[in-house]
Number of protein chains: 2
Amino acid sequence: MSVNPAPRAYQIVLQAIEEDLRTEKLSVGDQLPGERALAEQHGISRASVRDAIRILDVMGIIKTSTGSGPNSGAVIVSNPSAGISQALRLHLAAKGINVREIVESRILLETWAAQMNPRDPIHAQQVIDRTAVLIMRMDDAQLSRESFHRIDAEFHVLLASMAGNSVVESMMESLRNSISDYVAVSIPDDEAWQPVVKVLRRQHKAIHHAFATGQRERAAQLLEEHITWFYSQTH
Amino acid sequence: MSVNPAPRAYQIVLQAIEEDLRTEKLSVGDQLPGERALAEQHGISRASVRDAIRILDVMGIIKTSTGSGPNSGAVIVSNPSAGISQALRLHLAAKGINVREIVESRILLETWAAQMNPRDPIHAQQVIDRTAVLIMRMDDAQLSRESFHRIDAEFHVLLASMAGNSVVESMMESLRNSISDYVAVSIPDDEAWQPVVKVLRRQHKAIHHAFATGQRERAAQLLEEHITWFYSQTH
DNA sequence: TCGCATAGTATGGTCAGACCACACCTGAAA
DNA sequence: TTTCAGGTGTGGTCTGACCATACTATGCGA
């Protein structure tokens with residue numbers, strides 16, 4: 001039985017970058033040193049540096065692009081939902097978690113966010129205005145189903161953002177992302193989809209109205225019914 | 001402006017494995033084909049295969065080890081909290097999220113889990129018995145602070161598991177993991193730690209008693225006070 | 001002097017091939 | 001039958017190379 005967890009070479013770089021982030025020697029918008037430079041700095045190969053870079057990439061810490069100049073290479077971004085989405089998605093595929101748990105969690109987070117006293121009333125009002133626009137766009141009969149789902153997701157994430165908790169917001173978005181494929185295949189034909197979308201539009205408007213008139217308890221209740229109803233259609 | 005997201009070679013393998021997981025051609029305990037075999041199967045280099053393997057590794061889908069035989073190579077496991085923890089931890093370092101949001105989320109998840117009607121009463125009773133053991137172990141005056149934190153974390157995760165939602169359980173564990181370093185440095189000296197640990201022990205016992213006597217509302221309230229109080233000590 | 005095409009340069013993405021330490025498997029020797 | 005030395009396949013790491021890309025600098029022509 002080996003006690004040594006065999007330290008990986010890429011962790012040298014990973015820990016160094018994490019420390020630089022913590023001490024704000026690196027922050028959003030900054031460029032990371034090139035892979036070849038990092039390899040030389042830490043005395044490891046470029047291949048191992050790339051392992052660390054890849055992890056930061058899928059976790060949504062950086063984005064990478066080729067070429068030279070200020071916008072090339074590895075740039076710090078901040079997209080917390082990217083990594084969480086990927087993790088949930090893979091574990092959903094691996095049967096480590098199931099759809100029931102994801103839906104349950106989504107209801108938990110969204111109803112909590114709805115009932116929270118907004119941390120920033122100005123932002124809350126902006127959310128109400130912007131969601132109104134999204135509702136109008138979802139009324140477009142020409143809208144493709146794919147576009148509808150995208151705007152629908154934006155609608156829910158925006159509402160959740162009112163609570164002013166980016167962890168909850170990211171988890172919400174991740175839960176939504178992780179089952180988007182599942183939703184897409186469960187109602188395959190357009191004929192079954194048309195009546196569903198009509199109900200969704202009505203529900204969205206009711207939810208928005210509750211928010212706009214400050215009925216947060218009612219908004220939470222409508223959200224729960226909305227989510228529960230939608231997933232009952234996908235079985 | 002490039003419209004092509006430039007498909008990465010490693011995604012070929014990643015998608016293939018995800019599909020095999022979804023269709024249960026691969027499940028927990030199975031061995032993945034060797035890296036050299038995967039490279040040849042998909043017509044890409046071993047380096048690109050390793051990118052995919054590395055992602056599955058940090059996401060907690062597989063564990064890798066050297067050597068040959070049935071327990072070597074890449075084996076499917078299921079550790080959803082690994083990937084989420086890593087993501088939260090990095091984004092906490094990158095200032096994409098902050099401690100307040102994590103604590104708030106933790107309270108949300110734990111109080112929800114406490115108030116849920118347990119899906120499995122037998123498991124719930126086992127949790128109550130096992131947490132009693134953990135409480136006794138935390139009473140040991142000789143216990144190192146590190147060990148205390150580990151058992152403490154186990155205590156909370158176990159209670160959250162009563163709700164029977166592995167997404168919530170994983171997120172709980174991840175939130176706890178992501179700030180463990182932060183906690184460790186915020187109360188550095190043992191003299192400040194001793195009075196804190198006394199209060200924690202008392203709170204744990206009260207929480208356990210509330211669970212054991214079926215007072216779930218009260219347990220949730222005590223949990224919220226417990227978490228809030230503890231983090232108020234770390235400022 | 002100004003404008004613009006062109007060569008130069010640095011970037012990440014990919015590949016090929018090599019060597020290592022490790023864990024197991026096999027078969028010969030005791 | 002037991003023991004142990006070699007064989008074999010695994011992931012981990014390294015080196016060095018080539019590619020497409022995107023910015024930068026050069027220098028030519030007007």
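**Exercise 1. Symmetry of the two copies**

Find the rotation and the shift that superpose chain A on chain B, and state how the copies are related.

*Solution.*
Step 1. Two copies of a chain are related by a rotation about an axis and a shift along it.
Step 2. Chain A is superposed on chain B by a rotation of 180 degrees, with 0.0 Å of shift along the axis and an RMSD of 0.1 Å (least squares on the C-alpha atoms of residues with pLDDT of at least 70 in both copies).
Step 3. The two copies are therefore related as by a two-fold rotation axis.
Step 4. Ile84(A) is the residue of chain A that comes closest to this axis, its C-alpha being at 2.7 Å.
Step 5. Of the interface residues of chain A, 100% are also interface residues in chain B, so the copies meet through the same surface.

This is a predicted model, in which local features need pLDDT of at least 70 and side-chain atom pairs count only at pLDDT 80 or more, while totals for chains, interfaces and linings use all residues. Residues are numbered from 1 along each chain as its sequence is written, chains are lettered from A and ligands numbered from 1 in the order in which they are written, and side-chain values use heavy atoms, with hydrogens and water left out.

**Exercise 2. A buried histidine**

Place His91(A) in its element, decide whether His91(A) is buried or exposed, and list what His91(A) touches.

*Solution.*
Step 1. His91(A) belongs to helix α4 (residues 80–93) of chain A; helices (H or I, at least four residues) and strands (E, at least two) are DSSP runs, numbered from the N terminus.
Step 2. The relative accessibility of His91(A) is 1%, so His91(A) counts as buried (buried is under 20% relative accessible area, exposed over 50%, partly exposed in between, with a 1.4 Å probe and protein chains only).
Step 3. Not counting residues up to four places away in sequence, His91(A) touches Gly96(A) and Ile97(A) in chain A, and Met59(B), Gly60(B), Ile61(B), Ser78(B), Asn79(B) and Pro80(B) in chain B (contact is heavy atoms within 4.5 Å).

**Exercise 3. Aromatic pairs and a charge over a ring**

Count the aromatic pairs over all chains, then describe the pair of Phe148(A) and Trp193(A).

*Solution.*
Step 1. Rings of Phe, Tyr and Trp (its six-membered ring) pair if their centres lie within 6.5 Å; planes under 30 degrees apart count as stacked, over 60 as edge-to-face and the rest as tilted.
Step 2. The count by this rule is four aromatic pairs over all chains.
Step 3. Phe148(A) and Trp193(A) are an edge-to-face pair, with 5.9 Å centre to centre and 80 degrees between the planes.
Step 4. Phe148(A) is in helix α7 (residues 145–160) and Trp193(A) in helix α10 (residues 190–212), so the pair ties together parts that are 45 residues apart in sequence.
Step 5. Phe148(A) is buried at 3% relative accessibility, and Trp193(A) is buried with a relative accessible area of 3%.
Step 6. In chain B, Phe148(B) and Trp193(B) form an edge-to-face pair at 5.9 Å and 80 degrees.
Step 7. Phe148(B) and Trp193(B) are both buried.
Step 8. The charged end of Arg145(A) sits over the ring of Trp193(A), 4.3 Å from the ring centre, and that of Arg145(B) over the ring of Trp193(B), at 4.4 Å (NZ of Lys or CZ of Arg within 6 Å of the ring centre and within 35 degrees of the ring normal).

**Exercise 4. The surface near DNA strand D**

State how many residues surround DNA strand D, and give polar contacts of the strand with chains A and B.

*Solution.*
Step 1. DNA strand D is surrounded by 25 residues, the closest being Ala9(A), Ser48(A), Ser68(A), Arg46(B) and Gly67(B) (near is a heavy atom within 4 Å).
Step 2. Of the atoms of DNA strand D that come within 4 Å of the protein, 63% are of sugar and phosphate.
Step 3. A polar contact is a pair of N or O atoms within 3.5 Å; within protein, one must be able to donate a hydrogen and the other to accept it, and residues adjacent in sequence count only if both atoms are side-chain atoms.
Step 4. From chain A, a side-chain N or O atom of Ser45(A) is 3.0 Å from a phosphate oxygen of DNA strand D, and one of Arg46(A) is 3.3 Å from a base nitrogen.
Step 5. From chain B, a backbone N or O atom of Glu35(B) is 3.1 Å from a phosphate oxygen of DNA strand D.
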